[in-house]
Amino acid sequence: MTVRAGRRRVEVPRPEKVLFPDDGLTKADLAAYYRRIARRMVPQLRGRPLMLERHPDGIDDSGFMQKDLPEHFPDWIAHAELPKADGTVTYVLCEDAATLVYLAGQACVTPHRWLSRADRPDHPDRLVFDLDPPGDDFEAVRRTARRMHTLLDELELPSLLMTTGSRGLHVVVPLLRRNTFDEVRAFAGEVADLLAARHPDELTTAARKKDRGERLYLDVQRNGYGQTAVAPYAVRARSGAPVAAPLDWAELDDPGLTARRWTLRDADELLDRTAWRNPPRGHSAAAARRRLAALDEGG
């Protein structure tokens, strides 16, 4: 099957291959979704190294995560070679709709993005708080997201909200690219510590699961060099093909909201939504850290 995406015609091999057995959704369906959503999704990916979650035998198989650019990928796929501890990794960059369609053709169900761009890989322009419940208590995630929003407002940091398409929500903070990952992760940890101190019976920053009990874990570990977070609009490898969907903050009050509210079948609705259409500009993590210190000192 050949799919027209922008100025390219992209071959999708074995389009009839069923990737979501419970739903009868095929590789052709995945490619069609990514082609349709590309005008919203590509701006969220452009310039960012990607980790590819691939399921060539369908989502019932464990699949695999791929960092290195495969040798058989065409030369028009953009890429960036970045350092790691013992060498380098050449990552895929998604600069256009054709790349999204090509990745779907390679059974990449879910692209995961870096929180920095390839031109300054150690200086993130996104900070992410990952809010997942210890069980299936989505109401706890709602409460925590509201509390995080309030705290970030106190720190004068505008923030964005997104379903993960899995169990929880991501709170995303746009940043100026002035601080390193180590500095940003330290700041994120301090924010999480303060929020957990305000609500010690419900929230925790304990790294070990056995120390968390039934409290919701405020996860900031994605804020590191080489770490990734699920990309906005990405399909998740779960039954129903749920999608990571940008939200407006007011939607937290919608009783019908869940982490899997939107799916691959909702491309047209996702395109019509206004969430993240006018995102806030990046702010300084260092300035916010000074405000945080003042808050902490004031109790």
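Trainee: How many bridges join β13 to β14, and do the two strands run parallel or antiparallel?

Mentor: When reading a strand pair, look at the bridges and at the sense in which the strands run. In this predicted model, β13 and β14 run parallel and are joined by two bridges. One residue to find is T204, whose bridge partner in β14 is Y217.

Trainee: Which strand is joined to β14 by three bridges?

Mentor: That is β10, residues 126-132, which runs antiparallel to β14, residues 216-219. Two residue pairs will help you place them: D130 has D219 as its bridge partner in β14, and D132 has Y217. So that you can follow the side chains of β14 too: L216 and L218 point one way, while Y217 and D219 point the other way, and all are buried, with buried meaning under 20% relative accessible area.

Trainee: What is the order of the strands in the whole sheet?

Mentor: To read a sheet, walk across it from strand to strand. Here the order is β13-β14-β10-β12-β11-β16, an open sheet of six strands with mixed pairing. The strands β13 (203-204) and β16 (246-247) each have a single partner strand and stand at the edges, so one side of each lacks a neighbour in the sheet.

Trainee: Which helix packs on this sheet, and which strands does it touch?

Mentor: Helix α4, residues 181-198, does, touching β10, β13 and β14. The direction of α4 makes about 40° with that of β10.

Trainee: Is strand β12 mostly covered or mostly open?

Mentor: For a question like this, go through the strand residue by residue. Strand β12 spans residues 169-174, and six of its six residues are buried, which puts it among the mostly covered. Then check the side-chain directions: from β12, L169, V171 and V173 point one way, H170, V172 and P174 the other way, and all are buried.

Trainee: Which strands pair with β12, and over how many bridges?

Mentor: Six bridges join β12 to β10, and these strands run antiparallel. You can pick out L127, whose bridge partner in β12 is V173. Strand β11, residues 160-163, also pairs with β12 in the antiparallel sense, over four bridges. There, L161 has V171 as its bridge partner in β12.

Trainee: What should I look for where β11 turns into β12, and which residue takes a positive phi?

Mentor: In a hairpin, count the residues between the strands and check the backbone angles. The hairpin of β11 and β12 has five residues between the strands, and G165 takes a positive phi near 75°.

Trainee: Let us try a single residue. Where is the place of A78?

Mentor: A78 sits in the loop between β6 (64-66) and β7 (79-84). Its relative accessibility is 25%, so A78 counts as partly exposed. To see its surroundings, set aside the neighbours within four places in sequence: A78 is then in contact with Y91, V92, L93 and E95. Another distance to check is the one to G47, 31 residues apart from A78 along the chain, where the C-alpha atoms are separated by 9.1 Å.

Trainee: Which residues line the largest pocket?

Mentor: With a pocket, take the volume, then the lining, then its classes. The largest pocket holds about 250 Å³ of space. Its lining is D130, D132, P133, P134, R167, K209, R212, G213, R215, Y217 and D219. By class, these are three nonpolar, one polar and seven charged residues. Strands β10 and β14 each supply at least two residues of this lining.

Trainee: And what about the second largest pocket: which residues lie nearest its centre?

Mentor: P43, Q44, W276, R277 and P279 do, out of 13 lining residues. This pocket has about 210 Å³ of space. Helix α1, residues 27-45, gives the largest share of the lining, four residues. The lining divides into eight nonpolar, one polar and four charged residues.

Trainee: How many cavities of 30 Å³ or more does a search of the whole structure find?

Mentor: The search finds one. The largest cavity has a volume of about 30 Å³, and R40, Y233, P246, L270, R273, T274, A275 and R277 line it. That lining has four nonpolar, one polar and three charged residues.

Methods: Residues are numbered from 1 along each chain as its sequence is written. This is a predicted model: local features need pLDDT of at least 70, side-chain atom pairs count only at pLDDT 80 or more; totals for chains, interfaces and linings use all residues. Side-chain values use heavy atoms; hydrogens and water are left out. Two strands pair if DSSP finds at least two bridges between them. Contact means heavy atoms within 4.5 Å. Axes are lines fitted to C-alpha atoms, for helices over the stretch in contact, and angles run from 0 to 180 degrees between N-to-C directions. Buried means under 20% relative accessible area, exposed over 50%, partly exposed in between (1.4 Å probe, protein chains only). On a 1 Å grid over the protein atoms alone, a cavity is a set of points where a 1.4 Å probe fits but cannot get out, and a pocket is an open set with protein on both sides within 12 Å along at least five of seven lines; lining residues have an atom within 4 Å of a point. Grid points are joined across faces, edges and corners, and a volume is the space filled by probe spheres set on the points. Ala, Val, Leu, Ile, Met, Phe, Trp, Tyr, Cys and Pro count as nonpolar, Asp, Glu, Lys and Arg as charged, and the others, Gly among them, as polar.
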